[in-house]
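Thanks for coming. I will go through one model today, piece by piece, and you can follow along on the screen.

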Amino acid sequence: RKKILLMGLFLTLGILTRIGNLIFVLVILFYLIIIEREKFLKNKYIWLSAVLGFVVLIPYLIWNKIVYNNPFIFFGGYFGAGRTALKLAKPIAWNVFNFIYLYLDWFLLILFLIGLGLLLFNLFLGLDILIKKREDSLKPSFFLFLKIIIPLIFFIFIERNVEDRWLLIIAPAMFYAIALTILKLKDLLKKNNKQLSVILIIILIIIGFYFQFTTAKDTINFKKDSYAQLRDAGLWIKANTNKNDAIFSSSVPENTFYSERITYGYGSDEKKFEEDIVKIKPRYMMLSVFDKSPEWAYSWPDKNKDKVKPVQAYYLDAEQKQVAAAIYEFI
């Protein structure tokens with residue numbers, strides 16, 4: 001009972017950290033519907049957990065109301081009708097599977113696929129028992145499967161415009177499946193030679209560590225300066241604005257971090273953007289090649305020279321021919 005209550009608390013803290021963690025709510029909900037069916041609706045501790053989570057959320061909703069005059073302002077940016085329509089217009093994101101390889105490399109990928117195969121095989125054999133008799137021994141495997149399949153379905157068919165970092169949400173489940181493979185190999189060898197099974201585990205962990213370490217090192221070295229122009233643009237904005245000035249940019253988290261100024265996205269369309277200009281009265285707008293803005297946003301400054309003027313630019317090349325980020329000041 002205590003853990004059910006803590007679930008609501010930590011789920012909400014997770015969602016406040018990153019709204020994408022709402023996917024965990026879907027995982028838990030699907031699990032309860034399939035395994036517990038209507039029984040979970042009568043569990044008062046689940047309802048108390050939900051109430052506790054909402055109580056934790058209240059300060060954030062109050063802050064949204066004070067700052068944006070809308071407690072659920074975040075919802076439209078992620079799940080609004082316009083945003084959803086743009087997502088569904090994009091091709092199905094089969095490239096998500098490439099990110100799994102990126103996370104694991106070939107060695108851990110093999111161990112993951114074996115573990116996933118073992119997991120699915122056990123579920124296939126016991127699915128009828130799991131659903132009808134709610135067999136406890138199969139519940140963890142089913143929950144683990146949902147933690148992998150539901151995020152994948154969401155990213156591939158609904159979100160579609162996916163970045164590799166978003167798959168962190170299934171990383172714990174992937175590494176659990178890898179551990180399942182290693183433990184299965186250990187059990188098979190342990191019957192004949194206990195020492196050999198221990199040596200095997202150590203070797204597999206060292207090899208896995210080596211691939212993870214070298215991949216992380218190469219990725220960091222390759223990407224450490226990839227957003228340098230956004231950093232420089234954000235620092236310039238910080239030096240040339242007051243604390244209450246607002247900025248428009250598609251690089252909302254990056255610019256918010258570097259400039260320490262309130263940053264807004266461009267909204268669903270040009271009309272909405274111009275309405276926001278009147279309401280918010282921003283100081284600058286920034287366009288870049290990193291976080292893609294709507295197509296109309298790139299031509300908007302040229303069409304509205306009476307409203308904005310270019311004040312700063314950063315380039316991808318030393319010859320200063322390829323603009324990486326441009327800052328425009330509202331007149």
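P91 sits in the loop between α5, residues 81–89, and α6. Keep in mind that this is a predicted model. P91 has a relative accessible area of 65%, which is over 50%, so it counts as exposed. Far along the chain from P91 there is I156: 65 residues separate the two, and their C-alpha atoms are 9.1 Å apart.

Now the overall picture. The protein has 331 residues, and 36% of them are buried. Its secondary structure comes to 13 helices and 5 strands. Taken along the principal axes, the C-alpha atoms fill a box of roughly 80 × 55 × 35 Å. Of the contacts with a separation of 6 or more, 62% are between residues 24 or more positions apart.

Next, helix α3. How far apart should the ends of a helix of 25 residues be, at 1.5 Å a residue? For α3, residues 44–68, the expected span is 36 Å, because the rule takes 1.5 Å times one less than the number of residues. The end C-alpha atoms of α3 are 35 Å apart, which agrees. There is still a bend in this helix: a kink of about 35° lies at L57, shortly before the proline P59.

What happens at the two ends of α3? At the N-terminal end, N43 acts as a cap, with a side-chain oxygen 2.9 Å from the backbone nitrogen of Y45. After the helix comes N69, which has a positive phi near 65°.

Which residues of α3 are buried? They are I46, S49, G53, L57, L61 and N64. So L57, where the kink lies, is on that list. S49 is another member of the list, and its relative accessible area is 2%. The limit for buried is under 20%, so S49 qualifies. Leaving aside neighbours within four places in sequence, S49 is in contact with I4, L5, M7 and G8.

On to the nonpolar cores. The largest core has 48 residues, and L104, F112, F155 and L167 touch the most other members. Helices α2 (22–36), α6 (96–133), α7 (139–159), α8 (171–190) and α9 (194–223) each supply at least two residues of this core. The largest share, 14 residues, comes from α6.

Take L167 as an example. Not counting residues up to four places away in sequence, L167 touches V96, F99, I100, Y103, F155 and V162. There is also a second, separate core of 15 residues, which includes Y264, F273, A297 and A326. Please remember A326, since we will meet it again.

Before that, a stop at L144, in helix α7. Is L144 buried or exposed? Its relative accessible area is 7%, so with a limit of under 20% it is buried. Again without residues up to four places away in sequence, L144 touches L119, A173 and Y176. The C-alpha atoms of L144 and T181 are separated by 14 Å, and the two residues are 37 apart along the chain.

Now the strands. Strand β5 covers residues 323–330, and 7 of its 8 residues are buried, so it is largely enclosed by the rest of the structure. Which strands pair with β5? One is β3, residues 284–288, joined to β5 by 5 bridges and running antiparallel to it. In that pairing, S288 stands opposite A325. Another is β4, residues 308–315, also antiparallel to β5, with 7 bridges. Here A313 stands opposite A326, the residue listed earlier in the second core.

Last, some backbone angles. Most residues other than glycine have a negative phi. R37 is not a glycine, yet its phi is positive, about 50°. R37 lies in the loop between α2 and α3. With a relative accessible area of 30%, R37 is partly exposed.

K281 is not a glycine either, and its phi is also positive, about 55°. K281 is found in the loop between α12, residues 270–280, and β3. At 63% relative accessibility, K281 counts as exposed, because the limit is over 50%.

That is the end of the tour.

Note on methods. Residues numbered from 1 in each chain as written. Predicted model: local features only at pLDDT ≥ 70, side-chain atom pairs only at ≥ 80, totals over all residues. Heavy atoms only, no water. Helix = DSSP H or I, 4+ residues; strand = E, 2+ residues; numbered from the N terminus. Bend = angle between axes of the 7 residues up to and from the residue. Buried < 20%, exposed > 50% of the residue type's maximum accessible area, 1.4 Å probe, protein only. Polar contact = N/O pair within 3.5 Å; in protein donor to acceptor, adjacent residues only side chain to side chain. Core = buried A, V, L, I, M, F, W, Y, C linked by side-chain atoms within 4.5 Å. Contact = heavy atoms within 4.5 Å. Pairing = 2+ DSSP bridges.
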